[in-house]
Amino acid sequence: MTATITEVCISAQAAELIQVESNSKWPHETGGIALGRFEGSTVRIHQATPPGPNAKHGLASFVRDGDFAQQELERVFSESTGSVDYIGEWHSHTLHVGPSPRDRRSMEFIAKSSQYSAANPVLLLALPRGLLRDRTYEIQAFVLVASMLVQVPVIKES
Ligand SMILES: [Zn+2]
């Protein structure tokens, strides 16, 4: 399904997990998958998963633990009786810079892959606001539309 997505609402729980995980792995990248649901033109992110034990954390790259992500997806999907599903990916950057060409290509791969039923996957990026200890992260959201990553506003739920 191709949808027009105008905003991403992220739960306090998901935002907190992204903040804590990103902070603890800096200066390496980390990430996981984003789980939630589409509500009209709004995407609601209920949960973000940790990277999993076999993830690969580079200075400018991140590969999540695919088996771990799949288990988390199946668990959350069944616990929510199917109302919470795969929405997309999240990962941190070491510096406050937006999506890379590789980020765009990997989201395009997901959009085209039959393993994911996500025609417009969402990419959440956690970008550090500073480089000192206990840095906070800005969460930006991008939706893949016609092979482009289009930024949409993020609303944090309290
Ligand atoms: Zn990236």
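This section describes the fold, the sheet, the nonpolar core and selected residues of the protein.

The structure is a predicted model, in which local features require pLDDT of at least 70 and side-chain atom pairs count only at pLDDT 80 or more, whereas totals for chains, interfaces and linings use all residues. Residues are numbered from 1 along each chain as its sequence is written.

The protein contains three helices and 10 strands, where helices (H or I, at least four residues) and strands (E, at least two) are DSSP runs numbered from the N terminus. Along the sequence these elements follow the pattern β-α-β-β-β-β-α-β-α-β-β-β-β. The C-alpha trace spans about 40 × 30 × 30 Å along its principal axes. The radius of gyration is 14 Å, which agrees with the value near 15 Å for a compact globule of 158 residues; the quantity is taken over C-alpha atoms, and the globule rule is 2.2 Å times the number of residues to the power 0.38. Of the 158 residues, 33% count as buried. A residue is termed buried if 20 or more other C-beta atoms lie within 10 Å of its own, exposed if 12 or fewer do, and partly exposed in between, with C-beta atoms placed from the backbone. Among contacts with a separation of 6 or more, 67% involve residues 24 or more positions apart; a contact requires C-beta atoms, placed from the backbone, to lie within 7 Å.

Eight strands form an open sheet with mixed pairing and the order 9-8-7-6-2-3-1-10, two strands being paired if DSSP finds at least two bridges between them. Strand 9 and strand 10 (154-156) stand at the edges and each has a single partner strand, so one side of each is left without a neighbour in the sheet. On average, neighbouring strands are turned by 35 degrees against each other, direction ignored. Axes here are lines fitted to C-alpha atoms, for helices over the stretch in contact, and angles run from 0 to 180 degrees between N-to-C directions.

Within the sheet, strand 7 and strand 8 are antiparallel and share seven bridges, with Leu125 having Gln140 of strand 8 as its bridge partner. Helix 2 (residues 66-79) packs on the sheet through strand 2, strand 3 and strand 6, and its direction makes about 30 degrees with that of strand 2. Helix 3 (residues 101-112) also packs on the sheet, where it touches strand 7, strand 8 and strand 9 and makes about 50 degrees with the direction of strand 8. The end C-alpha atoms of helix 2 are 20 Å apart, in agreement with the 20 Å expected for 14 residues at 1.5 Å a residue; the expected span is 1.5 Å times one less than the number of residues. Just after helix 2, Thr81 adopts a positive phi of about 45 degrees.

Strand 2 pairs with strand 6 in the antiparallel sense over six bridges and is joined to strand 3, again antiparallel, by six bridges. Leu35 has Tyr86 as its bridge partner in strand 6 and stands opposite Gln47 in strand 3. The hairpin of strand 2 and strand 3 has two residues between the strands, and Gly40 takes a positive phi near 65 degrees there.

Parallel pairing involves strand 1, which is joined to strand 3 by four bridges and to strand 10 by three. Ile10 is paired with Ile45 in strand 3 and stands opposite Lys156 in strand 10. Side chains alternate along strand 1: Val8 and Ile10 point to one face and are buried, while Glu7 and Cys9 point to the other and are not.

The largest nonpolar core comprises 29 residues, of which Ile18, Ala34, Ile45, Val122 and Leu124 touch the most other members. Such a core is a set of buried Ala, Val, Leu, Ile, Met, Phe, Trp, Tyr and Cys residues joined through C-beta atoms within 7 Å. Elements that give two or more residues to this core include helix 1 (12-25), strand 2 (31-39) and strand 7 (122-128), and strand 8 gives the most, with six residues. Leaving aside residues up to four places away in sequence, Leu124 touches Ala34, Gly88, Trp90, Ile139 and Ala141.

Phe142 lies in strand 8 (residues 137-145) and counts as buried because 22 C-beta neighbours lie inside 10 Å. Beyond its neighbours within four places in sequence, Phe142 is in contact with Pro99, Leu123, Leu149, Val150 and Gln151. The C-alpha atoms of Phe142 and Val152 are 5.8 Å apart, although the two residues are 10 residues apart in sequence.

Conventions: Two residues are in contact if their C-beta atoms, placed from the backbone, lie within 7 Å.
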